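Got your viewer open and a selection tool handy? Let's take a walk through this one together, stop by stop.

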Amino acid sequence: MTAIRQQDLIESVAGALQFMSYYHPVDYLEALGEAYRREASPAAKDAIAQILTNSRMCAEGHRPLCQDTGIVVAFVKVGMNVTWPDATMAVSDMINEGVRRAYLDPDNRLRASILADPIGSRRNTRDNTPAVIHYEIVSGDTVEVTLSAKGGGSENKAKLVMLNPSDSIVDWVVQTVPTMGAGWCPPGMLGIGVGGTAEKAMLLAKESLMEPIDIHELLARGPRTPLEKLRVELYEKVNALGIGAQGLGGLATVLDVKVRDYPTHAASQPVAMIPNCAATRHAHFTLDGSGAAHLDPPDLARWPDVHWTPAPTARRVNLDTLTRAEAAAWQPGEALLLTGRILTGRDAAHQRIADYHARGEALPGGLDFHNRVIYYVGPVDPVRDEVVGPAGPTTSTRMDKFSGLMLEQHGLVAMIGKAERGPAAITAIKRTGAVYLMAVGGAAYLVAKAIKGARVVAFADLGMEAIYEFDVKDMPVTVAVDARGTSVHETGPREWQARIGKIPIAVV
Ligand code: SF4
C-alpha cells in the first residue's frame, strides 16, 4: 500500500495550477511557432506573433497567459492500493484547497471566475473553487492527476450531437466549426469524443485535449487506424475552412485534432467536440508517496524567436478627442494604436446598465459613455508595481444584445473585444456609424502593458466585472467591423477558404 499525504496533494495541485497559468505546454508553443512560420495571412500572422510574444512575457514574468485563468478541471486516477493515513479532508476538498491556494497566491494572483448559484445570484466564490473533478479507480499504487484550467471562451463553444450511426462525423465537424466563430481563440486544438453515451462522449472530448500535440508525427508516418484516419481528415478539412488565428482568415485554425472513442449502443453515434484555445493550460503529475510533485520549468530557449512589435503603418488614435466622424474613416483590418481613456464593461455590467435603462433611471455616479470607447474585459488583479494584471479581451458576441442600447442610447463610438459580432451588433453599428475593434484573445499580458492607469468607476461590487477607466498608451487593436458594417470575420475566412481551395464556397 502507498500512503499519500494530504499536504502533498494540496501542494501539487496548487503548484501545477500556478505553473500552467504562465507556462504554455512546450508542444503547443512549438506547433504555434511552426504555424507562425507557415502562415501567409498577414492579419493571422500578426495575431500569432502577439500570442507568442505574450507567452514569452508570461513565462519570464510569471504572470497569467490570459485574463481568463479558467475553470479548473481535474482528472484523477486513484490506485486501489493507495491509503490516505493523515487525511482530515475528502480528496475533492484537498483538490479544492489546492485550487484556492493557487488562485490566491499573492505573487501571482489569478482571476477568480467561478460563480456559485448559477441560476440565481451568480455570486463569485472569490477563490475559483470548486473545481470540476472526475475520478477513476484504477489498479496500482499511485494517484495520477491531470489538471486543466479551461477558459470560458473556448468552453462555451463545446458541442454535442447524437448522430445516426450512418451519419458522417467529418461532415458534422466541418459544418459545425464555422458556427463556433472565433470566440474560442484559434489556433488551438479540437477534442472529439465518439461513442459511449452523451456524457461519456463529452468526457472523452475533454480528456483528449490533455494529450500532447503530435499530428505532425502522424502526418509524417501516415495514419494506420480508422481513428488516426479520422484525425488526419479532420485536421486537413478544418484548416481548409480558412478561419485562421482569431477568425481573421488564414492557414492555421487547428494545431491538432484529438479523437477518443468508446463502445456505444447499436442505435447511437454520440459525437462531442470541445475546442481548446490559445491559452492551452494543462499539467500532469503522479503521486507515489514520496512527496509533492514539482514540475520542471521549461527552457526559455524553446520559445519561438518571435517578438511582436506594432506595425509601423498603424494609425495612432487619440481617444480623448475621438468622434464617430473620425472613426468612420477607419478601414476594415486596419491596425490602430489607441492612446487616452477607455471604459470597461462586460456581461454583468451590461446587464446592470440595461436594468437602469428599463427602470428609466440615470446611470450612477455620472457614468457617461457618449463619445467613449468600451473595452470588454475582466482583468486579473495587479501584483507588485502593476496598475492592472493581464487584461485581454473577452468574447464580444455575448454583448451583442446590448449593442443597440449602448450605441444608440449611450452614444459609444467604439467597442473593443475579441471574435466576430452577430447580426444585432452589426445592424446597430451600421445604423449609428460606430465601429468594432478587436484585440487579440490570448495576448492579455502584452495588452496589459499598454494600460498605464486603472480605476474602478462603477459597480465595484462586481469585482473583475466592475466598470474601470483605463489610461492606455498605444494599445494595439484592429478594425474588425467598420462604420459601414463590413466585418473582417466574414471577409477574412471567406477569402482564405477560397485561397486554400479545398472546400467549395457556398454562394449566397
Ligand atoms: S485565450 Fe481566449 S478563449 Fe482562451 S482563456 Fe483566453 S480569452 Fe478565453
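Below is a short tour of a few places to click on, in a model that is predicted.

**Stop one: a buried valine**

Start by selecting Val143, which you'll find in strand 7, residues 143-150. Is Val143 buried or exposed? Count the other C-beta atoms within 10 Å and you get 24; the cut-off for calling a residue buried is 20 or more, so Val143 is buried.

Now show what Val143 touches: leaving out residues up to four places away in sequence, its contacts are Ile4, Val76, Val78, Gly79, Val82 and Leu287. Pick out Gly79 from that group. Along the sequence, Gly79 and Val143 are 64 residues apart, yet their C-alpha atoms are 5.9 Å apart in space.

**Stop two: strand 2 and its partners**

Next, select residues 71-79, which make up strand 2. Strands of a sheet pair through backbone hydrogen bonds, so switch those on if your viewer can draw them. Strand 2 pairs with strand 7 in the antiparallel sense, over eight bridges. Look for Val78 here: it stands opposite Val143, our residue from the previous stop.

Which way does strand 2 pair with strand 6? With strand 6, residues 132-138, the sense is parallel, and there are seven bridges. To find your place, click on Phe75, which sits opposite His134 in strand 6.

**Stop three: a four-stranded sheet**

Move on to an open sheet of four strands, with mixed pairing and the order 8-11-9-10. Strand 8 (159-163) and strand 10 (254-264) are at the edges; each has a single partner strand, so one side of each has no neighbour in the sheet. Going from one strand to the next, the twist averages 15°.

Zoom in on strand 8 and strand 11, residues 269-276: they run antiparallel and are joined by five bridges. A handy marker is Lys159, which faces Met273 in strand 11. Then add helix 9, residues 226-239, which packs on the sheet and touches strand 9 (188-196) as well as strand 10. The direction of helix 9 makes about 140° with that of strand 10.

**Last stop: the ligand**

Finish by selecting the ligand. How many residues surround it? There are 14, and the closest are Cys66, Gly151, Gly153, Cys185 and Cys277. Try colouring that shell by residue type: six are nonpolar, seven are polar and one is charged.

Note on methods: Residues numbered from 1 in each chain as written. Predicted model: local features only at pLDDT ≥ 70, side-chain atom pairs only at ≥ 80, totals over all residues. Helix = DSSP H or I, 4+ residues; strand = E, 2+ residues; numbered from the N terminus. Buried ≥ 20, exposed ≤ 12 C-beta atoms within 10 Å, placed from the backbone. Contact = placed C-beta atoms within 7 Å. Pairing = 2+ DSSP bridges. Axes fitted to C-alpha atoms, helices over the stretch in contact; angles between N-to-C directions. Near = placed C-beta within 6 Å. Nonpolar A, V, L, I, M, F, W, Y, C, P; charged D, E, K, R; others polar.
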